[in-house]
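This report describes a structure together with its ligand. Please consult the sequence and the coordinates alongside the text.

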Amino acid sequence: MFSPCVVRRLDQLLANLGYCSRRDARAWIQQGRVTVRGKVVDDFGAKASATDVLLDGEPLDHPDGLLILLHKPTGLVCSHDEREGPSVYGLLSERWRRRNPTVTSIGRLDKDTSGLLLLTDQSELVHRLTSPKYKVPKIYRATLTRDLSPDLIPLFARGTLLLKDEASPCAPADMKILSPREAEVTLTEGRYHQVRRMFASQGNEVLALHRSNFGPLELAGLPAGQWRLLPLDSFPKT
Ligand code: URA
């Protein structure tokens, strides 16, 4: 976790916030581009808290961390591995992509799934919000190839549905039938391709999948491909 109160070396601060390499940071600092509490500091080994530092007269870019709400479009993966194709990280600025700790998604959405995706550099948030222990509800709208059977509602709610190659059954999931081939499913866990596999286990196929809500958050009109920043304390520990 990158806290503004923590005192760090100036070259490390700039490099970890994605401005440049450590070597370039040293050069920039020696060139007098960095001030600490209003005074030029040209010793790159000097330590300071991020909020006291200006680069070229500007405060540092979100030194205390990032929490990003993205409307993921279909066609992008949530992987950092470039071999998997274009990713959601390509929607962020280069500086944010270069940060250390790395900006990563909180759970994943499949390439063919759209909707609300959170990204952060706060590893504690990733662990907490993806842990089934915290039961953060996530709401999905699924469009199916076949008419929905109302029998799926109690089946998904029972918490006994065992998917192929899984050791434990899915946690109870709420399902609402919105139209003959459209359902809203609320999950409190995030297994691999879970919604698609739940329907597939009952002989139905998901044609389109969209996540509308993550805990208390919703997209609220945010267009696909766009993001907005959230306060870091959006998910206080209870
Ligand atoms: N379930 C899926 O099948 N895919 C997702 O992306 C999310 C949940």
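Which polar backbone atom is 3.0 Å from a nitrogen atom of the ligand, and to what residue does that atom belong? The atom belongs to the backbone of valine 195. The model discussed here is predicted.

## Polar contacts of the ligand

Besides the contact with valine 195, a second nitrogen-based contact is listed for aspartate 110: a polar atom of the aspartate 110 side chain lies 2.7 Å from a nitrogen atom of the ligand. An oxygen atom of the ligand takes part as well, with a backbone N or O atom of arginine 196 at 3.1 Å. The ligand, taken alone, exposes 240 Å², and 96% of that area is buried by the protein.

## The shell and the pocket

The ligand is surrounded by Leu109, Asp110, Thr113, Tyr140, His193, Gln194, Val195, Arg196 and Leu209. Sorted by class, this shell comprises four nonpolar, three polar and two charged residues. Helix H6, which spans residues 194-200, makes the greatest contribution to the shell, with three residues.

The ligand also marks a particular site on the protein, since the space it takes is the largest pocket.

## Domain arrangement

The domain assignment divides the chain into domain 1 (8-59), domain 2 (67-131 + 220-231) and domain 3 (137-214). Domain 2 is thus given as two segments, 67-131 and 220-231. Between which domains does the ligand lie? Residues of the shell come from both domain 2 and domain 3, so the ligand lies between these two domains.

For domain 1 and domain 3, the separation of their centres, taken over C-alpha atoms, is 50 Å.

## Backbone geometry

Two backbone features deserve separate mention. In general, most peptide bonds are trans, and most residues other than glycine have a negative phi.

Asparagine 100 and proline 101 are joined by a cis peptide bond, with omega at about 5°. Proline 101 is part of the loop that runs between helix H3 (94-97) and strand E8 (104-105). Aspartate 56, although not a glycine, has a positive phi of about 50°. The loop that holds aspartate 56 lies between strand E5 (53-55) and strand E6 (58-59).

Conventions:
Residues numbered from 1 in each chain as written. Predicted model: local features only at pLDDT ≥ 70, side-chain atom pairs only at ≥ 80, totals over all residues. Heavy atoms only, no water. Near = heavy atom within 4 Å. Polar contact = N/O pair within 3.5 Å; in protein donor to acceptor, adjacent residues only side chain to side chain. Areas by Shrake-Rupley, 256 points an atom, 1.4 Å probe, with all protein chains shown as cover. 1 Å grid on protein atoms, 1.4 Å probe; cavity = no way out; pocket = protein on both sides within 12 Å on 5 of 7 lines; lining within 4 Å. Sits in = over half its atoms within 2 Å of the grid points. Helix = DSSP H or I, 4+ residues; strand = E, 2+ residues; numbered from the N terminus. Nonpolar A, V, L, I, M, F, W, Y, C, P; charged D, E, K, R; others polar. Domains from an automatic or database assignment.
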